[in-house]
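Me: I would like to understand how the labels used for a structure follow from its values. Could we go through them step by step?

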Amino acid sequence: MKNLHFGVDYYPEHWEKKRWETDAKLMQQMGIQMVRMAEFSWHKLQPEENIYDFEWLDQAIALLGNYGIRTIVGTPTAAPPAWLIQKHPEILPVDRDGRVRGFGGRHHDCQSNPIYREYIRKLVTKMAQHYGENPLVIGWQPDNELGNSHQDLCTCESCRQQFQKWLKKKYQTTDSLNKAWGTAFWSQEYNDFSEIPAPRITVTGENPSTMLDWKRFCSDLIIDFTEEQTQIIRKYAKNQFITHNYMGFANKVDYYKLGELLDFVSHDQYPGGFYLPETPHEKNHVLAATLDIVRSYKQQPFWIMEQQSGITGWEIMGRAPAPGQLSAWSLQSIAHGADAIVFFRWRTCAMGTEQYWHGILPHSGIPGRRYEELKELVLTMSPVMNHLAGSMPKPQVGIVFSFEQEYAFQIQPHHKDLSYTKQILKYYQALYQQNIPVDFVPEQGNFDKYKLLVAPLQYLMSPDLEQKYMDYVQNGGHLILTMRTGVKDRNNLCMTDQELPGKLRELAGIEVLDYDCLRDAHVQVLFQGQQFQADIWSDLMRLLPDTKVLANYASEFYTGEPCVTQHPYGQGICYYIGTQPGEDLMRELLTIICQTAEVTPLNPAIEDVEFMVRENENSQFLFVINHSNETKSYSTPELYKLLRGVQAGILAAYEVQILERTKNK
Ligand code: GLA
Ligand code: ZN
């Protein structure tokens, strides 16, 4: 897909056919090369059980093809039609309260339901046979945002049986399951796998080991659901790619594993936020981190399958992106590794839930400010994109990100404000503020290419992972370990054979003998003669030989005791941070730790200006992004030539400059 870089999400089925050609012309004029279509149009493709109608989609694909526009086909399995639900209501999902969720939104489905799966097999087979060799179709997106809308679903009888099967495969006997889950507590022993429930809301509390396996099972179910579709598509579509639109740090499915089914990963980027209480307007470092995690899932360039192109919002709306801001956000995606940007959506929809989730065109369909801005972006960036394609950032710092740790903290957050992902983002933010690029790394990943590895909250531990951390530091790596490391085994049972953090005591050079959960409290920390604030947690520790104290607690009954330590091990250094540092302390600590590890920032910090680099064997591409509505300046590095921008070093509001330096060979 070397030369395809810009597209739109298009819903021809929402508009009269006579409009389609106008759309195609307008798309062509703004340089659009591809569309994604059909991912919610099950009823249009199969209006009744025995009637399949691909005619409308064929026409749309052909018409767009006349204007040089290619198609990515979405399978419409996120929106099973009413006739199917009426005939087989057992497809509807059941939440943890045991309530059936009704028809009328989307993803009203149980992904393990055999009847639903049978209908999907038939439909996807027909679609793959029909489009698998169409030269205008370049690729596929099975379903849509898998895991979205599935947060507490599904606990139906079918899922229960599948869960039992999954457990039987994992544990073989109920004896070993009982041991792994610690079911002696509250008389939860199972005599037979058939007794095990899909975890519904209980009267009191939950078994953390059961819940961890349940979350693993739910993730595996989504992967199995997807794989059934990818196998069918691959059979008939030999020269078309398969991707899927991820949602950054969303955690219902292990995105590393899902990525194994895909040619490349895609992602939906909405900097304006979703306007739900739990997702406020995203901060710049969160946007950057989101793009970095998406690149990291497969360690390769990715696509944006939905890039914000107007005001976001369903019932409640967000702010209007300022002139230049949509382009800046798109270029930020590119800076972090996107090889293609597909805008959501072409035209603002006149009906349904998303009437106010704005597209490039307004309701009227008449091109306006957003069309003109993005047209300029697409036309000027298309040649640059050819040049950038395949290049990658090469960060010196890795942050370990694990879905299993995330699940374990969802089950037992310890503190009402502790979240695994949020703590990861706090470490990320301190690096981002210093213009230090970051990769995320799975626990199974390659640590050795990073000078500094940050591994917050390594709560679930295994002997293999312990050894990996020890080898990494032994060989010269610098590692940050934190509070709540090595607390549990992989069954979510507490470790009992040693003091915390288990074998990693040798590496960190400390022993945690007690701790304090800072409920409704902060703790003061003294670092380099200055007082800082930390929160959530205090580990109270004893030093082992050779360990140096970097910071001490300065309040509570443990005033004066070590809070942050540094321990030489082999050729490297292990740091241990026993609390959740506040923003200032985090920044100070990471500045020093990065300096010691010889990690080099891309540029000194400039407020609201982001620096990022992509590179390939020939060139380095430096992106400089002004996230503010004020003019900013930076000193241009030597030997760079300006690929995008008006005057190198001077950034107008929301301007993004791209500079290229050819590598000496
Ligand atoms: C998601 C979905 C789209 C659309 C947008 C806007 O990212 O994939 O179908 O719903 O959000 O809400
Ligand atoms: Zn179910």
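**Reasoning about the ligand sites and cysteines**

Reply: In this predicted model, an N or O atom in the side chain of Glu306 lies 2.6 Å from an oxygen atom of ligand 1.

Me: What makes the pair formed by Glu306 and ligand 1 a polar contact?

Reply: A polar contact is a pair of N or O atoms within 3.5 Å, so the 2.6 Å between Glu306 and the oxygen of ligand 1 meets the cut-off. A polar side-chain atom of Trp314 is likewise 2.9 Å from an oxygen atom of ligand 1, and for the side chain of Glu354 the distance is 2.2 Å. Taken alone, ligand 1 exposes 300 Å², of which the protein buries 98%.

Me: Why is the arrangement around the zinc ion (ligand 2) called tetrahedral?

Reply: The protein donors are the SG atoms of Cys110, Cys154, Cys156 and Cys159, lying 2.2 to 2.3 Å from the zinc ion (ligand 2). The angles that these four donor atoms subtend run from 100 to 118°, and because tetrahedral requires all angles to lie between 85 and 135 degrees, the name applies.

Me: How do you know that Cys494 is not in a disulfide?

Reply: The closest cysteine sulfur, in Cys517, is 14 Å from that of Cys494, whereas a disulfide needs the two within 2.5 Å, so the pair is too far apart for a bond. Cys594 is in no disulfide either, as the nearest cysteine sulfur, that of Cys574, is 15 Å away.

Me: Is Cys594 buried or exposed, and why?

Reply: Cys594 has 1% relative accessibility, and because buried means under 20%, Cys594 counts as buried. Cys494, by contrast, has a relative accessible area of 53%, which is over 50%, and is therefore exposed.

Notes
Residues numbered from 1 in each chain as written. Chains lettered and ligands numbered in written order. Predicted model: local features only at pLDDT ≥ 70, side-chain atom pairs only at ≥ 80, totals over all residues. Heavy atoms only, no water. Buried < 20%, exposed > 50% of the residue type's maximum accessible area, 1.4 Å probe, protein only. Donors = N, O, S within 2.8 Å, 3.2 Å for Na, K, Ca; no water. Tetrahedral: all angles 85-135°; square planar, octahedral: opposite > 155°, others 65-115°. Polar contact = N/O pair within 3.5 Å; in protein donor to acceptor, adjacent residues only side chain to side chain. Areas by Shrake-Rupley, 256 points an atom, 1.4 Å probe, with all protein chains shown as cover.
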